[in-house]
Amino acid sequence: QVQLAESGGGLVHTGGSLSVSCAVSGGSFSNYHIAWFQQAPGKSRKVIAVIHAAGDSTWYAPSVNDRFTISRVNAKNTAYLEMNSLKPEDTGVYYCGAGERYGTWEYWGQGTQVTVSS
């Protein structure tokens, strides 16, 4: 059974930085593409960053490009999202998803709250 667990969320001021992690267990981490999703209050979940299974390609939504960095360490079965220059509109629950087919997220974590105060 594949399980994903996010950690590292919290409260930060505008302009600050925060990193969140996604630990994957019960599966072959190196086979999974990993995505980070953001769900702002009252809004639907949207994908903001993706990293390919091999770690050689990434994609970012325009809203986070140049501020967020997705990475992974296959030896640790963990993916990361480093968030810089945070804005109040970055507030939300951050989820990681994993899948063997790019764009198909079979597995999800429980989410971690990120709050950016103005």
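Two strands count as paired if DSSP finds at least two bridges between them. All views show a predicted model.

**View 1. The hairpin of β4 and β5.** Strand β4, residues 33-39, pairs with β5 in the antiparallel sense, and the pairing runs over five bridges. Within it, W36 of this hairpin stands opposite A49 in β5. Six residues lie between the two strands, and in this hairpin G42 takes a positive phi near 75°.

**View 2. The hairpin of β5 and β6.** The pairing of β5 with β6 is antiparallel and covers three bridges. V50 has W59 in β6 as its opposite residue. Six residues lie between the strands here, and G55 takes a positive phi near 75°. A54 is in the loop between β5 (46-51) and β6 (58-60). A54 counts as exposed because its relative accessibility is 64%, and exposed means over 50%. Y32 is 22 residues from A54 in sequence, while their C-alpha atoms are 8.5 Å apart in space.

**View 3. A nonpolar surface patch.** V47, W59 and Y102 make a nonpolar patch of about 270 Å² on the surface. W59 belongs to strand β6. With 36% relative accessibility, W59 counts as partly exposed. Y102 is also partly exposed, with a relative accessibility of 42%.

**View 4. The aromatic cluster.** The structure holds four aromatic pairs. One of them joins Y102 and W105, whose ring centres are 6.3 Å apart and whose planes stand at 65° to each other, an edge-to-face arrangement. W105 is buried, since its relative accessible area is 17% and buried means under 20%. Y102, by contrast, is partly exposed. Ring pairs link Y102 and W105 with F37 and W108 into a cluster. Y102 thus appears both in this cluster and in the nonpolar patch of View 3.

**View 5. The salt bridge between D90 and R67.** Side chains of opposite charge can pair when their charged atoms come close. The count for this structure is one salt bridge. D90 and R67 form a salt bridge, with 2.8 Å between the closest N and O atoms. D90 lies in the loop between β8 (78-83) and β9 (92-99), and R67 in the loop between β6 and β7 (68-73), so the pair ties together parts that are 23 residues apart in sequence. D90 is buried, at a relative accessible area of 3%. R67 counts as buried too, because its relative accessibility is 10%.

**View 6. The open sheet of β1, β3, β8 and β7.** Strands of a sheet pair through backbone hydrogen bonds, either parallel or antiparallel. In this open sheet of four strands the order is β1-β3-β8-β7, and the pairing is antiparallel. β1 (3-7) and β7 are the edge strands, each pairing on one side only. On average, neighbouring strands of the sheet are turned by 15° against each other, direction ignored. Between β7 and β8 the antiparallel pairing extends over six bridges. V73 stands opposite T78 in β8.

Conventions
Residues are numbered from 1 along each chain as its sequence is written. This is a predicted model: local features need pLDDT of at least 70, side-chain atom pairs count only at pLDDT 80 or more; totals for chains, interfaces and linings use all residues. Side-chain values use heavy atoms; hydrogens and water are left out. Buried means under 20% relative accessible area, exposed over 50%, partly exposed in between (1.4 Å probe, protein chains only). Patches are made of residues with over 30% relative accessible area and no salt bridge: like charges are joined within 9 Å, nonpolar side chains (Val, Leu, Ile, Met, Phe, Trp, Tyr) within 5 Å. Accessible areas come from the Shrake-Rupley method with a 1.4 Å probe; for residues, only the protein chains shown count as cover. A salt bridge is a side-chain nitrogen of Lys or Arg within 4 Å of a carboxyl oxygen of Asp or Glu. Axes are lines fitted to C-alpha atoms, for helices over the stretch in contact, and angles run from 0 to 180 degrees between N-to-C directions. Rings of Phe, Tyr and Trp (its six-membered ring) pair if their centres lie within 6.5 Å; planes under 30 degrees apart count as stacked, over 60 as edge-to-face and the rest as tilted.
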